[in-house]
Amino acid sequence: TSSKEINLFDPDFLEKVRKIKMPNAKIRLLEMLLNKEISEFKKVNKVKGIEFSERLQKIINSYNERSELDILDYDSIQADTSEQILDLILKLRTEMASFEDLGINYEEKAFYDILDMICKQYGFEFDKDKMLELAREIKKIVDDTARFPDWSDREDIKAQLKMEIIVKLHEFSYPPITQDEVYKNVLEQAENFKRNR
C-alpha cells in the first residue's frame, strides 16, 4: 500500500479525524471511508458486509432525521453520530479478524456466517462447533466445484453443487426447511469469491 492510502483502522488516523472541528464534515468523511471499507469487506463476506452497510445506513438516517428536527441540540447530535460511526469502525475491524478466534479461515467464516444468519432468521438453535465443521465442509464442496473455470455458467455443475450441499446439510441435521436458502446464499458467496479473487 502507498503511504497516501488511508488506513481507517489506524488509531493515529482516527485520532486526527476525532479532532476535526467541523462536525458535519467529520461525519461525511467517516461515512465515506467506512462505506469504502465495507464495500471491500463485502467481497470477502457478503452477509456480514451487508449487515454492516445496514448498520451504517441506520446511523446516517437517524442523523439526517434528527438534525432536521432538532436544530437546538445539533452539536450533541453530531458528536453522538461521530462516536457511533467510530464505534462501528472498531466493530468492523473486530469482525474482519473474528475468523482467527474461531480457528477457521476467512472464506470458511463467510459460510459460517450464512449458516448463523439463517439460524437467526428462522429462529432455531444449532451447535456452534457443528456449525464450524459444517462451514469447513461447505468450503471444501465449493472449492471442489471451483476447479472448473466456467462453473458459475454451467447449470449441471450448479445442480451438482446444490445436491452436495443439501446432502451435507442433511448429514449434519441442519434443519431441512432452510436448504434452498442456504444453497442460494452459498452460491452467491461462492460467485462473490470467484469475482474478487
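**Figure 1. Helix α6 and its N-terminal cap.** The buried residues of α6 are M131, L132, L134, A135, E137, I138, K139, I141, V142 and T145, as seen in this predicted model. An α-helix has 3.6 residues a turn, so residues three or four places apart point the same way. Helix α6 covers residues 128–145, and because each of its 18 residues should contribute 1.5 Å, a span of 26 Å is expected, in agreement with the 26 Å that separates the C-alpha atoms at its ends. At the N-terminal end of α6, D127 acts as the cap, with one of its side-chain oxygens placed 3.2 Å from the backbone nitrogen of D129.

**Figure 2. Helix α2 in close-up.** Helix α2 runs over residues 23–44, and its 22 residues, at 1.5 Å a residue, should span 32 Å, which agrees with the 32 Å between its end C-alpha atoms. Its buried residues are K26, I27, L30, E31, L33, L34, E37, I38 and F41, a list in which L33, L34 and E37 are also contact partners of L8.

**Figure 3. The surroundings of L8.** L8 is placed in the segment that precedes α1 (11–18), and it counts as buried because its relative accessibility is 1%. When neighbours within four places in sequence are left aside, the residues in contact with L8 are F13, L14, L33, L34, E37 and I89. L86 lies 78 residues from L8 along the chain, while the C-alpha atoms of L8 and L86 are separated by 9.8 Å.

**Figure 4. The aromatic pair F111 and F193.** The model contains five aromatic pairs. One of them, formed by F111 and F193, is edge-to-face, with 5.9 Å from centre to centre and 85° between the planes. This pair links distant parts of the chain, since F111 belongs to helix α5 (residues 106–122) and F193 to helix α8 (residues 179–196), 82 residues apart. F111 is buried, its relative accessible area being 0%, and F193 likewise counts as buried, at 5% relative accessibility. Together with F99 and Y106, the residues F111 and F193 form one aromatic cluster.

**Figure 5. The aromatic pair F124 and Y174.** The ring centres of F124 and Y174 are 5.4 Å apart and their planes stand at 80°, so this pair is edge-to-face. Here too the pair links distant parts of the chain, with F124 in the loop between α5 and α6 and Y174 in the loop between α7 (155–171) and α8, 50 residues apart. F124 is buried, with a relative accessible area of 16%, and Y174 is buried with a relative accessible area of 1%.

**Figure 6. The nonpolar cores.** In soluble globular proteins, nonpolar side chains tend to be buried together. The largest nonpolar core of this model has 32 residues, and L115 and Y174 are those with the most contacts inside it. Helices α5, α6, α7 and α8 each supply at least two residues of this core. Apart from neighbours within four places in sequence, Y174 is in contact with L115, I118, C119, F124, F126, L134, L169 and V182. A second, separate core comprises 22 residues, including L8, L14, L30 and L56.

**Figure 7. The loop residue S173.** S173 is found in the loop between α7 and α8, and its phi is near 55°, a positive value in a residue other than glycine. With 53% relative accessibility, S173 counts as exposed, whereas Y174, in the loop between α7 and α8 as well, is buried.

**Figure 8. N192 and its partners.** N192 is found in helix α8 and is buried, with a relative accessible area of 6%. Its side chain makes a polar contact of 3.0 Å with the side chain of R195. Beyond its neighbours within four places in sequence, N192 is in contact with three lysines, K42, K43 and K46.

**Figure 9. Arginines over aromatic rings.** The charged end of R55 sits over the ring of F52, at 4.9 Å from the ring centre. R154 lies over the face of F148, where the distance to the ring centre is 5.9 Å.

Notes:
Residues numbered from 1 in each chain as written. Predicted model: local features only at pLDDT ≥ 70, side-chain atom pairs only at ≥ 80, totals over all residues. Heavy atoms only, no water. Helix = DSSP H or I, 4+ residues; strand = E, 2+ residues; numbered from the N terminus. Buried < 20%, exposed > 50% of the residue type's maximum accessible area, 1.4 Å probe, protein only. Contact = heavy atoms within 4.5 Å. Expected span 1.5 Å × (residues − 1). Polar contact = N/O pair within 3.5 Å; in protein donor to acceptor, adjacent residues only side chain to side chain. Phe/Tyr/Trp six-rings, centres within 6.5 Å; stacked < 30°, edge-to-face > 60°. Lys NZ or Arg CZ within 6 Å of the ring centre and 35° of its normal. Core = buried A, V, L, I, M, F, W, Y, C linked by side-chain atoms within 4.5 Å.
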